[in-house]
Structure formats: C-alpha cells, structure tokens
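User: Please take a close look at one part of this model, the place where the two chains meet, and describe it in a connected way.

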Amino acid sequence: MTKNTIKTASAKALTVLGLNKSFHLTTGRSVPAVRDFNLNLAPGELVTLLGPSGCGKTTVLRALAGLEELDEGEILLDGYSIANLPPHRRRMGFVFQNYALFPHMTVLENVAYSLRIRRSPDAEVRAKVASALLAVGLENLGPRLPGQLSGGQQQRVAVARALVMKPDLLLFDEPLSSLDTKLRVQVRAELRRLQKSLGTTTLYVTHDQDEAMSLSDRIAVMRAGKVEQVGTPEEIYARPASLFVAEFVGKVNALPGRVEGSSNGRSTVEILGHRIQVPTDRIPAAQVLVLVRPEAVRLCPPSADRPAGRVEETEYLGDRIEYRIRVGTTLIVAAQSALGGASRVAESDTVGLEFVEDAIHLLPFVGPA
Amino acid sequence: MAVALEGVTERRGGRGWTLVAFYPILALFLLVFVAYPMLDLFARAITVDGKPSFSVFARLLTDKFIWQVLWNTLLLGCTVAALGTILATIYAYAITRVAIFGKGVWHFFAVLPTISPPILMALGLILLYGRRGLVTNGLLGIQSTALYGFWGLVFAQLISYFPFAYLMMLHLFRGLDASIEEVAGTMGANAWRVFTTVTLPLLVPGLAGSALLMFGYSFADLGNPLLLGGDFPVMSSQIYLAIIGMYDVPQGAALSIILLVPAVLMFVAHKHLSARTAFATVGAKASSRHRMIRHRPAQIAALVFVGGITLLIFLQYATVFAGATTQLFGINYTLTIKHFSDVLTKSRHVLVDTLMLGVIASAVAVVVGLLLAYFVARTRMPGRNALDFLANLPLAIPGTVIGLSFALAFNHFPLMLTGTAAVIIVAFVVRSLPYGIRSGVAALDQLHRSLDEASTTMGSTSGQTLWRILVPLVRPALLAGMIFSFTRSVTTLSAVIFIVSPHWSLVTPTILSQMDRGDVGQAAALSVLVVLVVLLVIHGVPRLFGRDWREAQ
Ligand SMILES: Nc1ncnc2c1ncn2[C@@H]1O[C@H](COP(=O)(O)OP(=O)(O)OP(=O)(O)O)[C@@H](O)[C@H]1O
Ligand SMILES: [Mg+2]
C-alpha cells in the first residue's frame with residue numbers, strides 16, 4: 001500500500017484571500033455560503049476544513065477547483081492567481097464524497113482518464129496507472145467496472161484517479177463518510193501515509209473531529225462560512241479560540257470565572273467559589289470562561305480547599321468512564337481511564353475536584369449567548 | 001420456529017397455496033389471449049381456401065408496392081425516431097439544465113399529448129394546416145395538400161409521440177450525477193470533451209431507448225396515417241384497408257405478420273440494450289446538483305425552443321377547442337354549444353362505455369400484473385419466465401396487429417367474443433399488462449423483503465400476506481399503473497378499430513368516423529371531452545403526473 005513511485009514535481013503553496021460566495025435561490029433570496037474566507041497552505045501541508053454541516057466547506061473546495069464561481073476573492077498557487085481559470089486548467093485532484101467514478105469505464109480507464117485527456121503516450125499511461133493502482137493496493141482490480149467494487153475499493157479508485165494526474169493540490173470532500181467506522185480509521189491512516197510520501201499540498205474537508213485530528217498538519221475550523229480558528233490539532237484542542245471551537249472538537253467544561261490577580265506567569269482565578277492557579281502568559285479579560293476538558297478533571301477525596309460535588313451519573317464507555325458531577329448549579333463532566341477499578345467512584349458519592357493546571361484554557365467571558 | 005421455516009420453504013419451493021391457485025388461471029389467460037390470437041393470425045396468413053399455402057406471402061413479397069409500403073413505414077419510423085429523440089433531448093436539457101422561467105407551463109404542454117388520443121393531433125393539424133386550414137388557407141391564402149403525406153405524418157407523429165421520449169430523457173437528465181461531469185473537468189477535460197467522453201456515453205442508452213420507443217409508436221400509429229397519409233401508404237393503414245376496404249383477411253393477416261418482424265426485432269434490441277447498459281442506473285447517489293446554465297444566449301435559445309414547441313402544441317388544443325365551440329371551423333366561426341350537446345346526447349353512450357371499459361380493464365390489468373409480478377419476482381413457479389415473456393410480448397406488437405388478431409381469433413369456435421364488451425376489455429388488458437407487471441414489480445421491490453417475511457413468520461398464508469400487508473404499501477404504485485393503463489386504453493385507436501361493434505363503440509373510432517363524415521365539430525367536441533376526463537382522472541390521483549409537474553418547477 002505504501003510502496004509507490006508517484007511523486008509530485010514540487011509541492012505548491014496555496015493562498016486563499018477574502019473568498020466570498022452567495023447562492024441565489026430561485027425565490028430571489030440569496031444565501032451567503034462562504035464569507036471572507038482566508039487560508040494559507042504551506043507546500044506539502046495537509047490542512048483539514050472542519051465544521052458543522054452547512055458551514056460552507058464543500059463550497060470552498062468547489063471554489064478552489066473552479067466548480068463554483070466566486071463573488072469575490074483571490075486564489076494564489078505559488079503566488080500565481082488561478083481564480084479566473086476554468087476547472088480543466090487548474091490541475092486540482094478532486095475526490096468527491098460519492099467518488100464520482102465514471103460508471104461506464106473500468107477501473108483502469110477511470111484512473112487513466114486524466115492522462116488520456118492530456119494525450120500522454122500509451123506506455124506512460126500504463127506505467128503511471130499501474131503505479132497509482134499499486135499505491136492504493138488495487139493492482140488486481142483494473143478490468144472491473146465501478147459497480148462491481150465495494151465502497152472502500154471505489155474510494156481508493158477515486159484517490160488513485162486524483163493522484164495519477166500529479167495535481168498541484170489535492171482536494172478531498174469527506175472522502176471517508178460512506179465507509180464504516182473500522183474501515184474509515186484504516187483508510188485515513190493510509191491516506192495520510194500516501195499524502196506524506198507524495199508531498200502534495202492537500203485540503204481535506206470533514207466534519208469528523210477525530211479524522212481531522214489524526215490526519216492534519218493543521219486544522220481550520222469553520223463556522224457559518226468563516227474560518228473561526230486555524231492551528232495544529234493540539235492548538236485547536238488545547239487552546240481553542242472560542243467556545244464554539246472547543247465544543248466542536250470534543251467535550252469541554254466551560255465555567256465562568258473571575259481573574260483575581262496574577263504574578264510571574266500565574267494567575268489566580270476564582271471558579272465555583274474556589275481559587276485555582278492557572279499558568280498564563282496573557283489574561284484575556286477580568287471575566288473569563290475557564291475551559292477544562294473532562295480528562296483534565298481529577299477526582300479526589302473531598303476537602304475544604306477544592307470544589308466538591310455529588311456524582312449524578314456515570315457512563316461506562318469502554319476505554320473510559322465519564323462522570324457527571326453536580327457542583328452547586330453547575331454540571332461538570334470528568335473522564336477517567338476505565339482500567340483498574342480501584343479509583344472508581346459510584347453514583348451519588350461526593351467527590352472533590354482537581355483541575356490539571358496546565359490543561360486549563362481561558363477565554364474572555366462573553367456572557368450567555 | 002417451525003412457522004419461520006415454513007416461510008423459507010415457501011420462497012424456495014413456491015408453496016404459497018392460496019395464491020398458487022391463481023397461477024394456472026393466469027397461465028391460461030395469457031395462453032388464450034396472447035399466444036392463441038397470434039398463432040391464429042399466423043394460421044390465417046398461411047391458409048388459402050382451407051389449405052395451408054404460402055401463396056399470400058409469396059404474392060405480397062413479390063409485390064413492388066408492398067416493398068414500397070414497408071420502406072415508407074421504416075423511413076417514417078426512422079425519421080420520427082431521430083427527430084423526436086433530438087427534440088426530446090433538447091427539450092429535456094432546457095428544462096433540467098438551463099435557468100429559464102415558466103418551466104411548469106413548458107412541462108405541462110410537453111406531456112399533454114401523452115394523455116390525448118393521437119387522433120386529436122391529426123384533427124388539430126387538419127384544421128390548422130389542411131386544405132382549408134386556418135393557417136394555410138386562412139392566413140396564408142394557399143390551398144395546399146402539403147400536409148397530406150410524408151412530412152405531414154412526420155409532423156403529426158412527432159407532436160403526438162415526442163412527449164414520451166421527452167419524459168424518458170427528463171428522467172435520464174435528472175438521474176445523471178453532476179459530480180461525474182465535474183470531476184472530469186477537474187481532470188483536464190474542457191466542456192466539449194466532458195460532453196463527448198462522459199455525458200454522451202452515459203446518455204447513449206437513453207437516447208437509443210427513446211429512439212426505439214418513438215420508432216415503435218410510429219410503427220403502430222394508425223390514426224395519423226389514415227387521416228394524413230395521403231399518397232404515402234404505411235403498413236398499418238394498408239392492413240386497415242385490406243380488412244375494412246377489401247375484406248381480404250389472408251392479406252391483412254400476412255401484412256400483420258410482415259409488420260411484426262421489424263417490431264419484434266426492435267423489442268429484442270431494446271431488451272438487449274437495457275440489459276447491457278444497466279450501469280447507468282446503479283451507482284452512488286447524486287452528490288452535487290447541476291448548476292443551471294445562466295449564459296444569456298443559451299437561456300434565450302432554450303426559451304425560444306421550448307416556447308416554440310409549446311406554442312405548436314397549444315395551438316393544436318386551442319384549435320380543437322375552437323372547432324368544438326364554433327359552427328363549422330374554417331367557414332362559420334359563430335360560437336355554439338351545439339356540438340357538445342350533440343355529443344352528450346348522441347354519443348354519450350360511447351363516452352360512458354369507453355370510460356367504463358377503460359376503468360374495468362385497467363383494474364384487471366393492475367391486479368393481473370401484480371400477481372404476475374409476484375410469481376415472477378418472488379416465487380420459483382415452473383414456467384414463470386415463459387409467462388413473463390408472454391405478458392411482455394404485447395409491448396412489441398403494434399396495436400393494429402393485436403386488434404386484428406383479436407377480431408379474427410375470437411370470431412369463431414371455440415371462443416366467440418366478437419361484438420361483446422369482453423373482447424374490448426381483454427384487448428385493453430393485454431396491451432396494458434407489460435405496464436401492469438412493471439408497476440407490480442416496482443411496488444414489490446420497494447418493500448423490504450423482511451416485511452413479508454415478518455408476516456409469514458407470524459403464521460399467515462402467503463395470500464393473506466399479499467393482501468393484508470403488501471397491498472396497502474404498494475397502492476400508490478398500483479394506482480399509478482392503473483392511471484397509465486387507463487389513459488392508454490382510452491386513447492388508443494389502432495387496437496380497437498377492428499373489435500368495436502355497434503353495440504360496444506368507443507371514443508376514438510367514433511371520432512374517426514365523425515371526421516370521415518365531415519362532422520368536425522362533433523369530433524372536436526368528443527376529443528375535448530376525452531382529454532378533460534383523462535386530465536380529471538389523472539389529477540384525482542396526484543401521484544404519477546402530479547409529481548412530474550411539481551418536480552419541474
Ligand atoms: N447550489 C446551491 N444552491 C443554494 N444553496 C447552496 C448550494 N450549495 C450550497 N448551498 C448552501 O450553502 C451553504 C454551504 O453549503 P456547503 O455544501 O458548502 O456546506 P458543507 O459545509 O459542505 O456541509 P456538509 O457538511 O453538510 O457537506 C449551505 O447553507 C447550503 O445550503
Ligand atoms: Mg459538504
């Protein structure tokens with residue numbers, strides 16, 4: 001699967017500036033789909049666009065491929081504008097969610113399509129198609145029609161077809177969403193390996209945060225047509241720029257708090273009626289939202305110097321156990337490894353809570369939305 | 001557990017005994033009413049004075065005139081098939097891919113002819129473009145017989161039958177996934193190469209299917225050749241003349257057999273084609289919508305095209321309506337309701353008979369079709385494939401041939417049905433069966449297999465399964481099938497012209513004879529009433545066409 005001989009000539013950098021796109025409905029209304037979208041991709045980088053359904057991810061991808069006309073904006077590939085080129089002049093390897101294989105062509109013909117269109121010599125076509133199929137592990141299925149392949153195999157054909165043209169940019173639109181969970185995990189690892197070895201700059205759309213986390217060099221979280229935050233998976237998870245991002249990539253406790261003072265990179269923040277120490281380089285405001293991931297909440301015997309609460313609910317999830325703990329009017333979620341039953345607590349126990357200090361992230365408090 | 005096993009064995013061995021009782025009845029029905037008339041027809045073609053002889057065929061096949069007629073028929077069929085498919089493709093393309101206004105209207109008029117008797121088209125054409133036609137004589141001041149002959153027939157058949165091809169292409173264009181064309185674009189193909197390497201190959205099966213469909217309709221058409229043929233004779237009108245004009249049964253039978261050859265070839269070709277290109281219908285669900293073309297010149301061209309054809313069709317109906325509401329169209333344009341009141345008194349029984357027989361026949365066709373579909377798709381009854389073939393055969397047989405074979409086969413011992421309503425009903429049923437089966441198969445396929453399994457496991461027999469659980473779920477599909485079969489029966493002329501009798505007359509032959517007598521007003525009034533009744537029936541059941549009309553908007 002990983003052995004391959006396809007190499008892109010050189011990876012390209014992508015710059016997207018001020019993209020705007022609205023759809024005009026037949027009723028005369030117009031729906032803004034993408035608003036002032038900016039993004040930079042370094043050569044060879046894999047960036048995922050992550051966001052809820054309908055936030056405009058597909059629209060961005062289609063705009064890059066030239067399949068949607070822009071209202072406004074600039075698309076630069078290594079500094080050259082491609083915004084006004086038609087799709088067939090752009091060299092974008094697009095993998096559609098439904099794969100969009102040509103149903104009347106065999107796997108071989110599908111993969112060879114872009115080469116045939118460019119009228120490459122036969123020998124070259126054969127060699128390149130063979131190595132592309134080898135790269136995705138389908139070297140034996142060449143003569144089949146797409147209708148005779150499983151979903152996973154179809155997906156690989158679509159990838160091979162996009163790779164074989166040595167695209168300047170690979171664009172994936174939720175390519176794994178029609179596979180079952182197990183296969184999805186396996187294929188995404190293969191995709192990542194393939195992309196790394198080819199070094200093709202890649203923009204990858206998904207609404208699955210696990211997929212985004214495991215694949216990406218960087219993640220761009222989108223909300224209502226805009227980029228909300230761009231960063232490495234760790235930045236996105238540990239230091240989200242907004243509550244929306246924090247909640248989109250995982251469970252989080254968001255507790256209103258007040259900064260009471262700070263010295264040598266440590267702040268004292270008051271939450272749940274207790275003072276905690278938070279290491280900070282920067283204090284966003286006096287009123288803050290303290291974000292703590294469930295796995296950064298430790299359960300310990302109740303004591304006077306830390307918040308305590310009653311366990312209302314426990315949920316066994318196989319790899320971990322989640323507790324919902326009532327502290328005053330607030331419900332706090334804590335997660336613990338499910339291995340070793342020694343430290344487990346039962347429902348309606350009273351427990352003390354401790355927050356892992358360097359896993360706490362502060363956001364300015366914006367009031368109840 | 002034992003009950004559950006029974007469900008399994010039933011599927012394996014065909015043990016649904018309640019329904020099995022129907023199987024021999026169905027088999028007998030098809031043998032008597034599909035196989036037997038055809039064999040009888042063939043026997044008559046090779047019988048002269050009670051002795052077997054090929055002399056009729058020999059005479060016909062050495063007759064230059066017959067070859068000319070056959071050539072005419074093929075030429076007309078090919079022309080109509082080619083032009084009709086092109087028109088239908090452009091029309092469907094304009095409706096599905098170009099941003100134009102008024103799509104509901106354009107679509108409505110494009111499908112209106114599918115629910116009208118084709119003879120109405122001939123009537124409208126004569127009133128508009130005939131010797132004393134409103135356009136030719138009234139506006140242009142010429143007395144021309146140009147309408148009568150090849151091009152008149154092409155025009156009439158196009159306007160009558162292109163709508164069927166349009167519906168087919170509409171379906172196909174809607175089903176084509178935009179992302180398949182888009183991905184070709186991203187791989188370096190410009191618009192033209194996308195069209196030639198992707199769109200066209202995917203459309204070819206549909207185009208061929210639509211061409212064969214049009215060809216078949218042209219072949220089977222009797223009304224237009226009778227009224228507009230002029231000195232351009234085709235097979236169907238020759239059969240009619242041989243029987244009605246010359247009482248030459250062997251010749252009519254032999255001509256029918258000759259006509260059957262290309263018709264059956266078409267049928268086989270079509271089956272082969274749709275089996276080979278099944279890939280066009282499988283595949284992932286469509287992911288992206290087609291972007292409507294907003295290129296101004298394209299929009300204008302599309303509007304002019306659909307508007308022009310809509311205008312032609314509209315003119316037909318408007319003219320027929322005018323013919324029904326004026327004293328004598330072309331001469332005396334005084335408004336009158338005389339024709340309607342005449343029709344509603346003198347020809348009321350014709351209208352009532354037609355509707356009644358049509359309703360009965362369509363109900364029978366759908367029930368028989370459902371049973372056949374059940375036996376073919378869900379059981380392993382011996383001989384079910386042969387029955388399936390027999391039941392689908394009427395698709396291949398031109399209506400004229402079915403009608404004639406019925407008139408001949410059921411005019412003597414052992415089955416004397418001539419002059420009865422039964423022979424008409426059975427003719428309707430036989431012609432509708434292929435569609436009945438299709439709607440039956442579609443209905444059954446939609447259901448989860450688990451559904452009927454669940455009920456069988458609960459201990460009911462398969463007959464109860466079918467009625468109590470399946471029927472309510474498949475009712476929409478069956479009603480759609482009924483409406484289609486009703487429309488087809490009520491509007492056909494070719495299939496019934498030989499089997500109507502003074503006692504049981506039908507609308508289309510009546511219109512024909514009214515036109516022969518020069519009773520244009522009554523013919524027009526009766527036509528208008530038929531169209532209105534069919535429209536009423538179709539809108540009573542908003543499934544079939546209602547959905548089409550809504551989708552287009
Ligand atoms: N052709 C179109 N016409 C009108 N509105 C559209 C069209 N395509 C997309 N939209 C709208 O634009 C917005 C963004 O759509 P887009 O397909 O980019 O979302 P997405 O982020 O890819 O969502 P999903 O995760 O569900 O695929 C949505 O509100 C959608 O309804
Ligand atoms: Mg999308």
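Analyst: In this predicted model, the rule finds 7 residue pairs in polar contact across the interface of chain B and chain A, both residues of a pair being at pLDDT 80 or more. On the side of chain B that touches chain A, α10 (178–186) and α11 (191–220) of chain B each supply at least two residues, and it is α10(B) that gives the most, with 7 residues. Sorted by character, the residues on that side of chain B comprise 12 nonpolar, 8 polar and 6 charged ones.

As for charge pairing, the rule finds 1 salt bridge across the interface of chain B and chain A: B:E182 is joined in a salt bridge to A:R62, with 2.7 Å between the closest N and O atoms.

Turning to the extent of the interface, 26 residues of chain B are in contact with 27 residues of chain A. The size of an interface is often expressed as the accessible area lost when the parts come together. By that reckoning, chain B and chain A bury about 2200 Å² between them, and 63% of this area lies on carbon and sulfur atoms. Within chain B, the residues that lose the most area to chain A are B:T186, B:M187 and B:R291, which together account for 30% of what that side buries.

Taken together, the chain B side of the interface draws the most residues from α10(B), has 12 nonpolar residues beside its 8 polar and 6 charged ones, and contributes B:E182 to the salt bridge with A:R62.

Conventions
Residues numbered from 1 in each chain as written. Chains lettered and ligands numbered in written order. Predicted model: local features only at pLDDT ≥ 70, side-chain atom pairs only at ≥ 80, totals over all residues. Heavy atoms only, no water. Contact = heavy atoms within 4.5 Å. Buried area = accessible area lost by both parts, 1.4 Å probe. Salt bridge = Lys/Arg side-chain N within 4 Å of Asp/Glu carboxyl O. Polar contact = N/O pair within 3.5 Å; in protein donor to acceptor, adjacent residues only side chain to side chain. Helix = DSSP H or I, 4+ residues; strand = E, 2+ residues; numbered from the N terminus. Nonpolar A, V, L, I, M, F, W, Y, C, P; charged D, E, K, R; others polar.
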